[in-house]
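Got your viewer open? Here's a walking route through the fold, one selection at a time.

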Amino acid sequence: MSDQTIETLFAEDRRYPPSPEFAAQANATADIYDVPFEDFWAGEGRKRVTWFEPFTSLLEWELPYAKWYGGGKINVTYNCLDRHVEAGLGDRVAYYYEGEPVGERAAITYSQLLEEVVKAANGLKALGVGKGTPVGIYMGMGPGLPVAMLACARLGAPHTVVFGGFSAEALADRLNDMRCEVLLTQDESYRRGQIVPLKRNADEALVSCPGVMKVVVGQRTRADVPMVEGRDLTWNELVEGQSTDAGSCPCEPMDSEDLLYLLYTSGTTAKPKGIVHTTAGYLVGVATTHSMIFDLKPETDVYWCAADIGWVTGHSYIVYGPLCNAATSVLYEGVPDFPDKDRWWDLVERYKVTILYTAPTAIRAHMKWGPEHAAKHDLSSLRLLGTVGEPINPEAWMWYREHIGLDRTPIVDTWWQTETGMVLITPLPGVTTTKPGSATKPFPGIEAAVVDDRGEEVGPGGGGYLVLKKPWPAMLRGIYGDDARYRSTYWERFSGMYFAGDGARIDEDGDFWLLGRVDDVMNVSGHRISTIEVESALVDHPSVAEAAVCGRNDALTGQAIVAFVTLMRGEEGSVERLEELRNHVAVKIGPIAKPANIVFTPELPKTRSGKIMRRLLRDVAEDRPLGDTTTLADPAVVAEIADRAVAQPADE
Ligand code: WTA
């Protein structure tokens with residue numbers, strides 16, 4: 001076997017073709033795959049958005065920099081709000097907002113959202129914010145967050161949203177890298193019934209951010225937070241006396257390639273990368289994919305993306321895509337298990353949610369808690385489910401379909417990245433036959449491939465590296481201030497192609513199976529095995545809720561597989577259970593993939609966006625000091641796992 005590809009061993013043969021009823025009403029039909037690339041994106045560019053001045057050139061591509069919709073003038077906020085109100089949709093609900101404390105609710109219409117945005121934009125203008133002023137946003141999941149983003153976009157002021165769970169240090173790094181002059185934050189936010197002290201963190205960060213001249217503080221909990229004279233003002237002070245009339249604050253006409261926002265993402269070095277997203281291509285990309293992949297019917301659907309706006313998923317599929325499409329969305333402030341584990345299903349029932357988009361990590365948490373929480377609620381309004389963020393284990397996909405989709409809704413497993421801005425590999429729900437665990441096909445207009453170490457395409461069934469061979473409208477336009485890193489991270493690994501950093505394989509039907517980050521691939525006796533496949537085999541066992549595997553050095557086999565396993569509620573870890581699970585993997589995949597040892601643990605270490613941090617598990621497995629833990633959601637988890645790993649000796 002070659003060591004240049006990733007071996008794929010996991011066989012999955014369940015198939016779910018779209019129902020004739022769904023297919024008959026679907027927004028996207030099979031013929032769009034045949035539309036030539038230029039025609040497709042030119043057509044979507046004219047159809048999805050309203051231009052102040054039409055574009056004159058579709059694409060200028062000088063690898064690795066693309067320019068889309070050249071010559072066009074456009075404003076994102078105009079497309080997300082003003083034009084809908086002008087078209088008579090002002091009374092449509094943009095967001096059903098639900099606070100974490102039970103009973104805090106508001107239905108916010110497009111007219112109301114526009115008024116809030118205009119007021120805020122007028123206030124920001126009075127502070128000196130205008131086209132090109134960089135603004136930092138550090139807020140919790142409330143309506144104030146989209147208002148802040150849209151007010152910036154109205155003025156042409158680029159923003160960077162820093163997830164509310166990040167520390168003062170992470171906030172300071174980002175504000176300084178973008179040279180933000182203004183910070184929009186809030187007193188505190190709620191998370192699982194606890195307080196998150198956003199303003200206190202912001203104050204700590206601002207000690208090392210001399211460029212930030214003004215800080216606006218929204219009042220969420222109304223806590224009495226210290227205010228710095230001359231620098232800080234409350235949100236009420238910002239908007240007091242400001243006009244809500246759209247005409248008082250016209251939308252800035254932006255060039256297609258003007259900066260819309262930066263969003264920071266972690267890389268292999270400690271310095272986060274400011275991913276650059278510009279205006280027109282991004283908006284066309286997210287609006288097109290949102291409409292086609294989620295089959296959005298804006299008049300009747302209630303769409304809920306349960307991510308946080310602080311991640312790219314929230315930028316593209318809670319704020320910009322859905323609002324551009326005049327959707328009605330749910331915006332939920334809190335966690336899924338507060339006050340009870342059925343909170344999400346209560347929301348689905350009450351708002352009659354039709355489309356739900358979430359992450360595999362959330363689905364696995366619900367699996368662990370058991371299906372009885374969903375069963376208490378009427379979920380029959382749901383007609384489409386989606387996932388994003390990690391490869392989904394087939395058993396989690398099946399659980400989602402069965403217990404949430406009531407065995408009838410299609411599931412769209414959508415692959416994309418902060419860098420790609422929009423979904424790139426995904427089923428189209430009325431067209432594609434889905435398979436649990438496969439993200440299926442590149443979206444129309446997208447050319448993806450799987451290549452080996454030399455950049456040669458790998459044939460059907462073979463595993464390798466996922467690459468993109470053509471530019472797409474919402475693609476990143478670089479890493480802010482770091483051209484060399486942009487080129488070396490994404491464009492130098494394979495000449496002429498975008499390197500995503502993910503492993504993948506394409507099966508006989510041309511469907512893509514994502515295998516996780518390539519840095520997570522293990523090498524056992526010369527076989528390169530992807531972590532996701534061993535994890536999926538473990539999760540396939542009825543006693544297992546969640547699993548993460550990694551390789552540790554082994555004198556004999558190069559690497560040996562170590563598995564960290566969280567059992568279902570009520571199950572106990574034991575030597576017998578350990579043997580049973582090892583044999584289960586041997587049966588599902590083959591003896592080569594049998595974990596050398598298994599550590600039972602109540603939790604796995606995850607980033608704040610829910611991705612398992614295998615790098616730390618490798619440190620534990622190798623009994624090394626832990627690497628950088630600053631992006632961990634709960635640092636205590638790793639210490640506990642390390643204790644258990646020592647207590648459970650290797651088995652072979
Ligand atoms: C992973 C999130 C498998 C992948 C939008 C990617 C996925 C990284 C999927 C980007 C999926 C995302 N199947 N893996 N459907 N979706 N990923 O930047 O490793 O937070 O490179 O963007 O998540 O994560 P990011």
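Start with helix H12, residues 360-369: nine of its 10 residues are buried, so the rest of the structure largely encloses this helix. Keep in mind as you click around that this is a predicted model. To see the buried set of H12, select Pro-360, Thr-361, Ala-362, Ile-363, Arg-364, His-366, Met-367, Lys-368 and Trp-369. Then step off the end of the helix onto Gly-370, which follows H12 and has a positive phi near 100°.

Stay with Arg-364 for a moment, since it takes you to a void. Arg-364 helps line the second largest cavity, along with Glu-390, Pro-391, Asn-393, Ile-532, Glu-535, Val-539, Ala-547, Ile-612 and Arg-614. That cavity holds about 60 Å³ of space. Colour its lining by class and you get five nonpolar residues, one polar and four charged. Which element gives the largest share of this lining? That's H16, with three residues.

Now use Ile-532 as your stepping stone. Ile-532 lines the second largest cavity, and it is also among the lining residues that lie nearest the centre of the largest one. The others nearest that centre are Gly-437, Trp-513, Glu-533 and Ser-536, out of a lining of 12 residues. Show strand S24 (512-517) and helix H16 (531-539) here, as these are the elements that give two or more residues to the lining. The largest cavity has a volume of about 130 Å³, and its lining divides into eight nonpolar, two polar and two charged residues. If you want to keep hunting, the structure holds four cavities of 30 Å³ or more.

Next, select helix H10, residues 312-324. Is this helix enclosed or open? Every one counts here: 13 of the 13 residues are buried, so H10 is largely enclosed by the rest of the structure. Just after H10, click Ala-326, which takes a positive phi of about 60°.

A little further along the chain, check the bond between Phe-338 and Pro-339. This peptide bond is cis, with omega about -5°. Pro-339 sits in the loop between strand S17 (329-332) and helix H11 (343-351).

For another cis bond, jump to Leu-63 and Pro-64, where omega is near 5°. Pro-64 belongs to the loop that runs between strand S1 (57-62) and strand S2 (65-70). While you're there, pick Tyr-69, which lies in strand S2. Tyr-69 isn't a glycine, yet it has a positive phi of about 55°. Is Tyr-69 buried or exposed? With a relative accessibility of 0%, Tyr-69 counts as buried.

For a contrast in setting, fly over to Asp-623, in the loop between helix H18 (614-621) and helix H19 (636-647). Asp-623 also has a positive phi, near 60°, in a residue other than glycine. Its relative accessibility is 66%, so Asp-623 counts as exposed.

Time for some helix packing. Select helix H3 (residues 76-86) and helix H5 (residues 144-155): their axes come within 7 Å and cross at roughly 115°. H3 passes H5 in a left-handed crossing. To light up the contact, show Val-76, Thr-77, Cys-80, Leu-81 and Asp-82 on the H3 side, and Leu-150, Ala-153 and Arg-154 on the H5 side. By class, that contact has five nonpolar residues, one polar and two charged.

H5 also leads you to an open space, the second largest pocket. Strand S5 (105-109), helix H4 (110-126), H5 and helix H8 (235-239) each supply at least two residues of its lining. Which of the elements gives the most? H4 does, with four residues. For a view of the middle, select Gly-142, Pro-143, Gly-144, Gln-219 and Trp-235, the ones nearest the centre among the 25 lining residues. About 630 Å³ of space lies in this pocket, and the lining has 11 nonpolar, eight polar and six charged residues.

Last stop: Thr-185, in strand S8 (residues 182-186). Thr-185 is buried, with a relative accessible area of 0%. Setting aside neighbours within four places in sequence, Thr-185 is in contact with Tyr-138, Met-139, Leu-198, Lys-199, Ala-202, Val-215, Val-216, Val-217 and Gly-218. Draw a C-alpha to C-alpha distance from Thr-185 to Val-217: the two are 5.0 Å apart in space and 32 residues apart in sequence.

Definitions and conventions:
Residues numbered from 1 in each chain as written. Predicted model: local features only at pLDDT ≥ 70, side-chain atom pairs only at ≥ 80, totals over all residues. Heavy atoms only, no water. Buried < 20%, exposed > 50% of the residue type's maximum accessible area, 1.4 Å probe, protein only. Axes fitted to C-alpha atoms, helices over the stretch in contact; angles between N-to-C directions. Left-handed = near helix turned anticlockwise from the far one by under 90°. Contact = heavy atoms within 4.5 Å. Nonpolar A, V, L, I, M, F, W, Y, C, P; charged D, E, K, R; others polar. 1 Å grid on protein atoms, 1.4 Å probe; cavity = no way out; pocket = protein on both sides within 12 Å on 5 of 7 lines; lining within 4 Å. Points joined across faces, edges and corners; volume = space filled by probe spheres on them.
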